[in-house]
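User: I should like to learn how to read the features of a structural model, one at a time. Please give the general idea first and then the case at hand.

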Amino acid sequence: MAELLGFNYFIDADQRIYIGYMLSALVLALLFFWHTPAILKRQFSKKILWHKSAQLDYLYFMISTVIKMTLLIPLLIGVSDVAYWTVMQLQHYFGYMERIRVDKLWLVLGYSCALFIVNDFTRYWLHRLMHTVPILWRFHRVHHSAEVLNPLTYYRIHPIEHLLFGLRYAVSVGMVTAIFIYFFGAGIALYEILGVNIFVFVFSLLGANLRHSHIPLSFGTKVEKWIISPYQHQLHHTKAYSHKNYGSYLAIWDFLFKTHTSTKKENLTFGLKDEQITHSLLGLFLNPFIKGIKL
């Protein structure tokens, strides 16, 4: 039952709220804001952690995890399915490829890096489409309806959006895997820590859980042209800058495609522009289909 409700996420390094990532976020917050305790005090105040929006995050996390485990995962195609189909297509159209022999170190590093970059690039574009295509925005606005931020806001995602991002992951990772298998053989592997791509693991330790918080950790404008900081993602959640910073880990896509911002802003206001939010559990599920139901 605990696994069905998502409590195992805290001990799974493949999940954003893994205890190691949560602790690293806390350490970074303390290191950078110990001299401004008001910021830390506000984040852990009842006003933020027990806001109606936050209460809905906690409840929605458990219910949506049940839906994901019982209804969505069985509908998704797997990475291995996409990889197998793609390898078959490559062999059909281009014939058998003699395995290219590369030092194991470079093969594993190349595969790990390629997966990370392609995965991040496709996440950027699907996220951007979720904002710019009206029918997709109907579902993604569920995430942006949060008026205060906490780590569980990350999981405030409509089931249809879960499906779309799950399919994106299967296709992107499956195709990269297939290309590596086709050219280098089946003996490929990832550099992993606790079963997670080493690049994802490292970036998750760099304050990933502060992205959905009120702790404005910035990496500085020069670094933020390359890497998304927690503060940049907080800007993305504001009413004024939700059309900026679509990136997940890397900021280079935003910089290349003109959706980048990192300038310090004052008085950030989260939520949906020009819309009153009632924080309804039923609304999170049904509003994308029935406009009369309030989020």
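User: How many salt bridges does a search of the whole structure find?

Analyst: The criterion is a side-chain nitrogen of Lys or Arg within 4 Å of a carboxyl oxygen of Asp or Glu. In this predicted model, the search of the whole structure finds two salt bridges. One joins the side chains of Asp57 and Arg156, with an N to O distance of 2.7 Å. The other joins the side chains of Arg141 and Glu275, at 2.5 Å from N to O.

User: Which parts of the chain does the pair of Asp57 and Arg156 tie together?

Analyst: Asp57 belongs to helix α4 (residues 52-72), while Arg156 sits in the loop between α7 (134-144) and α8 (159-184), so this salt bridge ties together parts that are 99 residues apart in sequence. As for burial, Asp57 has a relative accessible area of 1% and is buried. Arg156 is likewise buried, with a relative accessible area of 1%.

User: And where do Arg141 and Glu275 lie?

Analyst: Arg141 is part of helix α7, and Glu275 is in the loop between α11 (252-256) and α12 (281-286); the pair therefore ties together parts that are 134 residues apart in sequence. Arg141 counts as buried at 7% relative accessibility, whereas Glu275, at 26%, counts as partly exposed.

User: What does Tyr60 touch, not counting residues up to four places away in sequence?

Analyst: A contact list is best read together with the position of the residue. Tyr60 lies in helix α4 and is buried, with a relative accessible area of 0%. Its contacts include Val142, Tyr155, Arg156, Ile157, Leu281 and Phe285. Arg156, one of these contacts, is also the salt-bridge partner of Asp57. Distance along the chain and distance in space may be set side by side as well: Tyr60 and Thr153 are 93 residues apart along the chain, and their C-alpha atoms are separated by 9.3 Å.

User: Which residues of helix α1 are buried?

Analyst: The general idea concerns the geometry of a helix. An α-helix has 3.6 residues a turn, so residues three or four places apart point the same way. In α1, the buried residues are Tyr21, Ser24, Ala25, Leu28, Ala29 and Phe33. Viewed down the axis of α1, these buried residues fall within an arc of 140 degrees, so they line one face of the helix. The cover over them includes α2 (37-43), β2 and α9 (198-205).

User: What span should the 15 residues of α1 have?

Analyst: At 1.5 Å a residue, α1 should span 21 Å, and its end C-alpha atoms are 21 Å apart, which agrees.

User: Which residues form the nonpolar patch on the surface?

Analyst: Ile19, Leu23, Leu26, Leu30 and Phe44 form the patch, with about 470 Å² of accessible area together. Leu23, one of its members, lies in helix α1 (residues 19-33). Leu23 is partly exposed, its relative accessible area being 49%.

User: What is the phi of Leu194, and where is this residue found?

Analyst: The sign of phi is read together with the residue type. Leu194 has a positive phi of about 55 degrees although it is not a glycine. Leu194 is located in the loop between β1 (192-193) and β2 (196-197) and is exposed, with a relative accessible area of 57%.

User: Is His279, in the loop between α11 and α12, buried or exposed?

Analyst: His279 counts as buried at 11% relative accessibility. Its phi is near 60 degrees, a positive value in a residue other than glycine.

User: What does Thr238 touch, not counting residues up to four places away in sequence?

Analyst: Thr238 touches Leu268, Thr269, Phe270 and Gly271. Thr238 is placed in the loop between α10 (230-236) and α11, and it is buried, with a relative accessible area of 2%. Its C-alpha atom is separated by 21 Å from that of Ala25, 213 residues apart along the chain.

User: How far apart are Glu192 and Glu147 in space?

Analyst: Glu192 and Glu147 are 36 Å apart, C-alpha to C-alpha, and 45 residues apart in sequence. Glu192 lies in strand β1 and is partly exposed, with a relative accessible area of 45%. Apart from residues up to four places away in sequence, Glu192 touches Asn197 and Ile198.

Key:
Residues numbered from 1 in each chain as written. Predicted model: local features only at pLDDT ≥ 70, side-chain atom pairs only at ≥ 80, totals over all residues. Heavy atoms only, no water. Helix = DSSP H or I, 4+ residues; strand = E, 2+ residues; numbered from the N terminus. Buried < 20%, exposed > 50% of the residue type's maximum accessible area, 1.4 Å probe, protein only. Patch = residues over 30% accessible without salt bridge, like charges linked within 9 Å, V, L, I, M, F, W, Y side chains within 5 Å. Areas by Shrake-Rupley, 256 points an atom, 1.4 Å probe, with all protein chains shown as cover. Expected span 1.5 Å × (residues − 1). Arc of directions from axis to C-beta. Contact = heavy atoms within 4.5 Å.
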